[in-house]
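The following exercises concern salt bridges. Please study the sequence and the structure before reading each solution.

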Amino acid sequence: MTASVLTPPPGSLGINDLLAAARARLHRLDPAAVAAALRDGATLIDIRPVAQRAEHGEIPGALVIERNVLEWRLDPRSDARLPFADRYDLEVIITCQEGYTSSLAAAALQDLGLHRATDLAGGYAAWRAAGLPTTR
């Protein structure tokens, strides 16, 4: 391989940079804060693929929207949006398995205008470790 193939293109960011930028914009919530937000009417969205949910379990009441269709289902401008996604002040909390993909997804929702979107710090694993209800 030549050096040019191994040199990042100008202006590109590595995944650690993208993750840090996403998290700098979010007010991430720990499991206890997520549980409180759910009691107050927030929506928890699980973006994990079916295989992860089957292996590890689920959070009761979480709405499953896999990552590959998340923006289409929650963008109020989208013809493919879910009925409840009809405004920009939705309080949605995204969870994945460990809290990495969820940060990127929540930032993408903020880019759509969903300014209250955030994620569960530590993901499903942190929720379960905190002793909060799961299907396992």
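**Exercise 1.** Which side chain meets that of Glu91 in a salt bridge?

*Solution.* The model under study is predicted.
Step 1. The partner of Glu91 is Arg116, and the N to O distance is 3.1 Å.
Step 2. A salt bridge requires a nitrogen of Lys or Arg within 4 Å of a carboxyl oxygen of Asp or Glu.
Step 3. Glu91 lies in the loop between helix H5 (70-74) and strand S3 (92-95), whereas Arg116 lies in the loop between helix H6 (101-111) and S4; the pair thus links distant parts of the chain, 25 residues apart.
Step 4. Glu91 has a relative accessibility of 25% and counts as partly exposed. Arg116, at 38%, is partly exposed.

**Exercise 2.** Determine whether Arg28 and Asp119, which form a salt bridge, are buried or exposed or in between.

*Solution.*
Step 1. The side chains of Arg28 and Asp119 meet at 2.8 Å, N to O.
Step 2. Arg28 is in the loop between helix H2 (15-25) and helix H3 (31-39) and Asp119 is in strand S4 (residues 118-119), so this salt bridge ties together parts that are 91 residues apart in sequence.
Step 3. Buried means under 20% relative accessible area. Asp119, with 0%, is buried. Arg28, with 25%, is partly exposed.

**Exercise 3.** State how many salt bridges the structure holds, and describe further examples.

*Solution.*
Step 1. The structure holds 10 salt bridges.
Step 2. One of them joins Asp89 to Arg87, with the closest N and O atoms 2.6 Å apart. Asp89 is partly exposed at 34%, and Arg87 is partly exposed at 41%.
Step 3. A network of salt bridges links Arg53, Glu58 and Glu66.

Conventions: Residues numbered from 1 in each chain as written. Predicted model: local features only at pLDDT ≥ 70, side-chain atom pairs only at ≥ 80, totals over all residues. Heavy atoms only, no water. Helix = DSSP H or I, 4+ residues; strand = E, 2+ residues; numbered from the N terminus. Buried < 20%, exposed > 50% of the residue type's maximum accessible area, 1.4 Å probe, protein only.
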